[in-house]
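Me: I should be grateful for a close look at a single loop of this model, followed by an account of the parts around it and of the rest of the chain. Please set out the reasoning wherever a residue is called buried or exposed.

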Amino acid sequence: MAVVAPITRARRGKAAGEAGARERLLDAASRLFYAEGIQAVGIQRIIEEANTVKASLYAHFKSKDDLVAAYMQREFDRARVEVEALLQGLTGRRKLLRLFDSLAEAMGQPGFCGCTYTNAAVEIIALDHPATPIVHAYRAWWSQLMIGLVRETGAASPEKVGAAALLLFEGAQAAGRLGQGPQAVKDARWAVERLLDQSVRRT
């Protein structure tokens, strides 16, 4: 998840040759869209950043919207892999709290600009945009992930507690985007712990 969506910022290598043109274009789009916004970055800027030509871009993507959708799908695929690796070996509430700890770590890195998908949802208004279903699918996956992790803790009403945990996570991300830093995540983590304590006692 090179673009902190939602947790880490991985480094990208640059592929060489025409065989790597598609990945170079996606890497450039990832860097620029995340740092500057989808609407603010034009096709020519991405072409220059990827060290390729316009014909190469249109050989791989029908339009900028198509490139945006491919970028969002790739980040979604990477998010699932990275979250699975992040939680491997953990049990119960440690999994849920690890997500918050990782978000705090990401906020401490240079270039943190919030959640890729929240940012995209603000910019992509058209319902028929090819990236819109991907944004919705990502949000649904994240919601189910939170509910599942809460259920593993043995808490009562995992759907409600999971929804609350997700709101706290997203709120912390937004606060970090506004410059409040890792402390916002620590506060959200504290609230989730209290919520889990109360919910588990009721069971």
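Reply: Ser 157 is found in the loop between helix H7 (132-152) and helix H8 (158-177). The model is a predicted one, and what follows is a reading of its computed coordinates. Ser 157 has a positive phi of about 50 degrees, although it is not a glycine. Most residues other than glycine have a negative phi. As for its surroundings, Ser 157 has a relative accessibility of 38%, and therefore counts as partly exposed, between the limits of 20% and 50%. A further positive phi, near 85 degrees, belongs to Gly 154, which follows H7.

The helix that leads into this loop may be considered next. H7 has 21 residues, which at 1.5 Å a residue should span 30 Å; its end C-alpha atoms lie 31 Å apart, so the expected and modelled spans agree. The buried residues of H7 include the aromatic residues Tyr 138 and Trp 142. Also buried in H7 are Thr 132, Ile 134, Val 135, Ser 143, Leu 145, Met 146, Ile 147, Leu 149 and Val 150.

A second loop, between helix H2 (43-49) and helix H3 (54-60), invites a parallel reading, for it holds Asn 51. The phi of Asn 51 is likewise positive, near 55 degrees, in a residue other than glycine. Asn 51 has 64% relative accessibility and so counts as exposed, the limit being over 50%. Thr 52 is found in the loop between H2 and H3 as well. With 15% relative accessibility, Thr 52 falls under the limit of 20% and therefore counts as buried. Leaving aside neighbours within four places in sequence, Thr 52 is in contact with Ala 21, Arg 24, Leu 25 and Ile 47.

Leu 25 also takes part in a meeting of two helices, H1 and H4. The axes of helix H1 (residues 21-36) and helix H4 (residues 64-87) come within 10 Å and cross at roughly 85 degrees. That angle lies in the range of 65 to 115 degrees, which makes H1 roughly perpendicular to H4. On the H1 side, the residues involved are Arg 22, Glu 23, Leu 25, Leu 26, Asp 27, Ala 29, Ser 30, Phe 33 and Tyr 34. They meet Lys 64, Leu 67, Val 68, Ala 70, Tyr 71, Arg 74, Glu 75 and Arg 78 of H4. By class, the contact of H1 with H4 comprises nine nonpolar, one polar and seven charged residues.

Helix H5 (residues 93-107) can be checked in the manner used for H7. Its 15 residues should span 21 Å at 1.5 Å a residue, and the end C-alpha atoms are 22 Å apart, so the two values agree. Buried residues of H5 include Leu 96, Leu 97, Leu 99, Phe 100, Leu 103 and Met 107, and also Lys 95.

Finally, the chain as a whole. The protein chain comes to nine helices and zero strands. Of its 203 residues, 48% count as buried. Among contacts between residues at least 6 apart in sequence, 70% join residues at least 24 apart. The chain averages a pLDDT of 87, and 89% of the residues score at least 70. Over residues 1-19, however, the pLDDT is below 50, although this stretch has 66 contacts in the model beyond near neighbours in sequence. Where pLDDT is low, the predicted coordinates should not be read in detail.

Key. Residues numbered from 1 in each chain as written. Predicted model: local features only at pLDDT ≥ 70, side-chain atom pairs only at ≥ 80, totals over all residues. Heavy atoms only, no water. Helix = DSSP H or I, 4+ residues; strand = E, 2+ residues; numbered from the N terminus. Expected span 1.5 Å × (residues − 1). Buried < 20%, exposed > 50% of the residue type's maximum accessible area, 1.4 Å probe, protein only. Axes fitted to C-alpha atoms, helices over the stretch in contact; angles between N-to-C directions. Parallel < 35°, antiparallel > 145°, perpendicular 65-115°, else oblique. Contact = heavy atoms within 4.5 Å. Nonpolar A, V, L, I, M, F, W, Y, C, P; charged D, E, K, R; others polar. pLDDT = per-residue confidence, 0-100.
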